[in-house]
Amino acid sequence: MDTVNTRFKLAEATGEAKYIADRHYEGLLEGRFFRSSCSRGVIKAVYVPELPEGYHLFGAKDVPGHNVLPIVEIDWPAFADKEVRYVGQVIFLLVGLVPDVIEQLLQQIKVEYSPLTPAYTIEQSKALIDGAIHSTDNVFDSHALTKGDIDEGFAQAVTIIEETCSTGYQEHIYLETQGVVGYPQDGKVVIEGSMQCPWYVHHCMAVVLGHDHVRAIQCPTGGGFGGKEDYPDVLAGPLAVAVEKLQQPIRIVLERSEDIAFTSKRHPVAFHYRTGIDKHGNIVAMDVTFDVNSGAYLSLSGIVLQRSITTVTNVYDIPNVRVEGHAWATNTVPTGAFRGFGSPQTCFCIETHLNHVAKQLGQDPAAFKQRHFLQSDSTTLTGAKIFGDLVLDQMMARITDLSDYYQKTRSYLAQAPNTATRKGIGMAIFQHGCGFAGDLEDTLVRAKVRLVKESDGNVYILASNTDIGQGLSLTFCKIVADSLCKPLESVHLATPDTGVVPDSGPTVASRSIVIVGYLLEKAAEKLKSCWIEGEHQELEEVYRKPDYHVWDQNTYQGNAYQVTSYGVNVVEVDVDMATGETQITGAWAVYDIGRAIDAQVFKGQIDGGLVQALGYGSCEKMELTSDGVFAQKTMADYVIPTALDVPSIESDLVDNPYPYGPNGAKGGGELTHNGGAAAFAAAVELAIGKPFSSIPVTPEKVCEALYAENKAIVKAVVIKANESGSAV
């Protein structure tokens, strides 16, 4: 049985691991996509040059099954056929031996379009120029949710504050670009690849080919962050068609610029808040509407929408809430999975809005927020009782002590206004629901794991969850070894291969530990109780939701997630008042993830997630041009934090065991991305005394804010000088 290298991933650390681009296959052909150059239009005619011997072109007419990518809804074609919806959409796959020849042939393919007016923004989508891209109104999905009595809440308000906060695109920039290879073996089409979810790829191949003689295998994967959840299907669907036809190995590996230009991104979102505060300074009502830019196809936008709606009030107990959200079709690259799945956007916007509300009321933002915290006896936004104990106050005490938050806040507010460098500090509190939304773990996934004990006493874990750098190969083995009371060296993780492992669900949604890890713990406990030395044994465990977990998908009432993890981040900055450049001088993080399986492994998640969030908040700018393509095309112009930008990060965990997690653990991989951007923006606000309602807060934005302030000062001086009769 093939196994993942569980001894601390030594192959990756030493450079011995074979990624897709490193592997050798006898008779290997290369594949390249011909992509649409039109952002919206009808395909009128196609002109294809005569292909040399050994070169083959595949398109919609070659699909033996269904020409669709089954990503939640059936709306995204494997090959564009009659219409195109964004620049870069796959129309053909060209296969041959020599990449340079393939590129020359691609340049000779011509497609004639009847163009339609594209919509790149939500406002343009709402205008419906040249008709709808999707359905009749361009709305892919929409939901609404109410808690309490919103009208009664606003009737109690003496102050109403309105604000719009927004976030933009974010690119994954995983170390290894998207890549897959397909080949025939034992009557099946096999695809190996850099992927998070082998069973997703398996299902995609089966739909496109029209049969289930398929197999998907995860290779060593150089990072994912959600980008290798849904997007590998875009490669695997066309590739499966070509492999079945030619019966030869074929590889597709995207160049970095192609990867940045055409793969899925984090959803841009805009939240509009109308918040009512009573005479005691407490929030009594909040009316929220928000819009999500889904791009050309639904992909995973409905799930992002649901998470955003059910967590829109974050960690706060607000008695009267109304929220409505829409996911809109536009003629841009489909936005898809990205670490946090809507939570980083939601967290930035609500945390920033509440900072501004507190300041307008003359209150300290941290104290104002803490006064509104959910308590263990609170009712959630979706009408559920809190399961277990909330330790938010304990987390606040810990992080303010670690960071010296309150003393620094007082000191920085008293800074002289004319200093060349000003200091700031900011805080964000946040949460993340673990597992699939609502009751989908029970009604859709029903994860299954298997343990195989060989006669020599070695135990093999069979599950489809993948190690993409987060340390899963170690933590899964530790869970099983500890439950069996056996040495770690005797437990091994099988390679995620759909021909071998059961479907334990995808490696997404902070579910691998709390859902699958718990199944492994239960399976190991059962194996321990019936262990027979010297005999081969197998044992399976299937997910069953806890009795307390109740959800109604029609009313959006109940436990929106099986369990929730929590975090607090503090970020400290120096801002150069001449250039607007910001240096992060310190970062602190405290989390409730139940009880960590391996605190050192999770420290890697803390550091990586926080740095990724700081990039999201400070420098990762991705803009659309007037042609609907990204202006940032390389790692030279899409800026991410480097090692020199990473501050000292001090972190801690609050122990709060969860009874339905392995050794009391909850999920935490996505949680660590949720708060950093909001904390960074708050720190810069305090430093320069100007508010920001969108990210990234770049040096240009800081200078714009400072320039606006300086213009006001100059205007005041001019008026005073004129009144005194002095020359200006």
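Residues with under 20% relative accessible area count as buried, and those over 50% as exposed, with partly exposed in between. The model discussed here is predicted.

Q: How do you know that D497 and R215 form a salt bridge?
A: The closest N and O atoms of D497 and R215 are 2.6 Å apart, and the cut-off is 4 Å, so the pair qualifies. This salt bridge links distant parts of the chain: D497 sits in the loop between β21 and α15, and R215 in strand β13, 282 residues apart. D497 and R215 are both buried, which means that each has under 20% relative accessible area.

Q: What makes E103 and R32 a salt bridge?
A: Their side chains come to 3.5 Å, N to O, and that is within 4 Å, so the name fits. The two partners lie 71 residues apart, with E103 in helix α2 and R32 in strand β1.

Q: Why is R32 called buried, and why is E103 called partly exposed?
A: R32 has a relative accessible area of 14%, which is under the 20% limit, so R32 is buried. E103 has 35%, a value between 20% and 50%, so E103 is partly exposed.

Q: What makes R35 and E258 a link between distant parts of the chain?
A: Start with the contact itself: the two side chains meet in a salt bridge at 3.0 Å, N to O. R35 belongs to strand β1 and E258 to helix α7, and 223 residues separate them. R35 and E258 are both buried. The structure holds 32 salt bridges, this pair among them.

Q: Why are β9 and β10 called edge strands?
A: The open sheet has 5 strands in the order β9-β17-β16-β15-β10, with mixed pairing. Each of β9 and β10 pairs on one side only. Neighbouring strands are turned by 10° against each other on average, direction ignored.

Q: How do you know that β16 and β17 pair?
A: There are 9 bridges joining β16 to β17, while pairing asks for at least two, so they count as paired. These strands run parallel, and V288 stands opposite V323 in β17.

Q: Which helices lie on this sheet, and at what angles?
A: Helix α8 lies across β9, β15, β16 and β17, at about 15° to β9. Helix α9 packs on the sheet too, touching β10, β15 and β16, and its direction makes about 145° with that of β10.

Q: What makes the phi of N138 worth a look?
A: N138 has a positive phi of about 70° although it is not a glycine. You can find N138 in the loop between α3 and β9. Its relative accessible area is 1%, under the 20% limit, so N138 is buried.

Q: Why is N663 called partly exposed?
A: The relative accessible area of N663 is 46%, which falls between 20% and 50%, so partly exposed is the right term. N663 lies in the loop between β27 and α17, and has a positive phi of about 55° although it is not a glycine.

Q: What is the omega of the peptide bond between I695 and P696, and where is P696 found?
A: Omega is about 5°, and the bond is cis. P696 is in the loop between α17 and α18.

Q: How many cavities of 30 Å³ or more are there, and what lines the largest?
A: The count comes to 2. The largest holds about 90 Å³ of space, and its lining includes E229, R307, F436 and Y561.

Methods
Residues are numbered from 1 along each chain as its sequence is written. This is a predicted model: local features need pLDDT of at least 70, side-chain atom pairs count only at pLDDT 80 or more; totals for chains, interfaces and linings use all residues. Side-chain values use heavy atoms; hydrogens and water are left out. Helices (H or I, at least four residues) and strands (E, at least two) are DSSP runs, numbered from the N terminus. Buried means under 20% relative accessible area, exposed over 50%, partly exposed in between (1.4 Å probe, protein chains only). Axes are lines fitted to C-alpha atoms, for helices over the stretch in contact, and angles run from 0 to 180 degrees between N-to-C directions. Contact means heavy atoms within 4.5 Å. On a 1 Å grid over the protein atoms alone, a cavity is a set of points where a 1.4 Å probe fits but cannot get out, and a pocket is an open set with protein on both sides within 12 Å along at least five of seven lines; lining residues have an atom within 4 Å of a point. Grid points are joined across faces, edges and corners, and a volume is the space filled by probe spheres set on the points.
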